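Thanks for coming. I will go through one structure today, from the ligand shell to the core and then a few loop residues. Please have the sequence and the model open.

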Amino acid sequence: MRLPAEPALASSAEELAALHGRCFATGWSAREFGALLNLPGCIGLACREDGRYVALALFRQALDEAELLTLGTDPAYRRSGLADTLLTSGECRLFNQGVARVFLEVSDQNPAAAALYERAGYGEVARRKAYYRDGNDARVLEKWLRKDGQTGP
Ligand SMILES: CC(C)(COP(=O)(O)OP(=O)(O)OC[C@H]1O[C@@H](n2cnc3c(N)ncnc32)[C@H](O)[C@@H]1OP(=O)(O)O)[C@@H](O)C(=O)NCCC(=O)NCCS
């Protein structure tokens with residue numbers, strides 16, 4: 001059974017940072033999560049099981065565009081559709097808030113995330129050379145949520 005997406009709030013910054021540290025070699029701190037989640041336009045979503053955070057996503061909206069800032073699933077919960085749930089739920093919310101285009105950056109050495117995004121309809125629009133600390137390039141991907149003039153879901 002898929003876990004539902006629910007709001008990730010700044011008051012849970014410690015738990016979100018702990019989860020982020022399980023997902024990434026260099027996770028973000030609780031302070032960083034608290035600051036991000038308090039920024040205007042920032043949307044945090046997460047999945048929990050038995051009260052424990054197991055997947056998270058942060059988006060930031062600016063007018064009719066949004067960026068996926070981070071997305072991660074606890075290694076023990078991968079391939080059960082949680083990232084897909086968070087991505088879809090975030091896009092739906094952004095769409096309803098007038099967003100036309102979502103973009104994100106993903107390492108060119110991250111085939112799992114690339115497969116997720118490509119299946120979800122994202123396409124490459126640019127590359128950033130040696131963007132990451134490990135020297136890997138970033139691929140910039142985008143997805144259009146609405147066509148010109150479209151106003152409803
Ligand atoms: C990338 C990541 C977020 C995927 O999370 P997840 O919850 O396991 O993903 P889902 O179960 O929702 O996968 C949805 C689809 O994405 C693709 N996918 C996900 N992981 C994959 C993998 N390891 N290999 C190939 N395809 C994969 C598949 O198409 C999958 O559907 P399927 O399981 O029916 O085949 C997770 O591996 C992760 O946290 N990685 C470390 C952090 C990271 O790299 N985040 C992205 C930064 S840009």
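Helices and strands here are DSSP runs, H or I of at least four residues for a helix and E of at least two for a strand, numbered from the N terminus. This is a predicted model: local features need pLDDT of at least 70, side-chain atom pairs count only at pLDDT 80 or more, and totals for chains, interfaces and linings use all residues. Residue numbers start from 1 along each chain as its sequence is written.

I begin with S11, which sits in the loop between β1 (6–7) and α1. For burial, the count is of other C-beta atoms within 10 Å of a residue's own, with C-beta atoms placed from the backbone: 20 or more is buried, 12 or fewer is exposed, and in between is partly exposed. S11 counts as exposed because it has 10 C-beta neighbours inside 10 Å. From S11 to R52 is 41 residues in sequence and 14 Å in space, C-alpha to C-alpha.

After that loop comes α1. Which residues of α1 are buried? They are A13, L16, L19 and H20. Seen down the helix axis, these buried residues fall within an arc of 135° or less, to be exact 125°, so they line one face of α1. The arc is taken over the directions from the helix axis to the C-beta atoms. As a reminder, an α-helix has 3.6 residues a turn, so residues three or four places apart point the same way. The cover over the buried residues of α1 includes α2 (30–37), β2, β3 and β4. For contacts, the criterion is C-beta atoms, placed from the backbone, within 7 Å. Leaving aside neighbours within four places in sequence, L16 is in contact with A8, F33, A46, Y53 and L56.

L16 also takes us to the core. A nonpolar core is a set of buried Ala, Val, Leu, Ile, Met, Phe, Trp, Tyr and Cys residues joined through C-beta atoms within 7 Å. The largest one has 33 residues, and those with the most contacts inside it are L16, A46, A55, L56, A57 and L86. At least two residues of this core come from each of α1 (13–23), β2, β3, β4, α3 and β5. The element that gives the most is β3, with seven residues.

Next, α3. How does its length compare with expectation, and what is the span between its end C-alpha atoms? The expected span of a helix is 1.5 Å times one less than its number of residues. For the 15 residues of α3 that is 21 Å, and the end C-alpha atoms are 21 Å apart, which agrees. Its buried residues are L82, A83, L86, L87, G90 and L94. They fall within an arc of 135° seen down the axis, so they line one face of α3. That face packs against β2 (42–49), β3 (52–62), β4, β5 (101–107) and α4. G98 follows α3 and has a positive phi, near 95°.

Now the ligand. A residue is near the ligand if its C-beta atom, placed from the backbone, lies within 6 Å of it. There are 20 residues around the ligand, and R78, A83, A112, A115 and L116 come nearest. The elements giving two or more residues to this shell are β4 (65–73), α3 (82–96) and α4 (111–119). Which element gives the most? It is α4, with five residues. By type, the shell has eleven nonpolar, five polar and four charged residues. Here Ala, Val, Leu, Ile, Met, Phe, Trp, Tyr, Cys and Pro are nonpolar, Asp, Glu, Lys and Arg are charged, and the others, Gly among them, are polar.

Two residues of β4 are worth listing. L69 is in strand β4 and is partly exposed, with 17 C-beta neighbours inside 10 Å. Beyond four places in sequence, L69 is in contact with L36, L58, F59 and R60. The C-alpha atoms of L69 and F59 are 5.4 Å apart, at ten residues' separation in sequence. T70 is in strand β4 and is also partly exposed, with 19 other C-beta atoms within 10 Å. Not counting residues up to four places away, T70 touches H20, A57 and L58.

Last, two backbone angles. D50, in the loop between β2 and β3, has a positive phi near 50° although it is not glycine. D50 is exposed, with 5 C-beta neighbours inside 10 Å. R79, in the loop between β4 and α3, has a positive phi near 60°, again in a residue other than glycine. R79 is exposed, with 9 other C-beta atoms within 10 Å.
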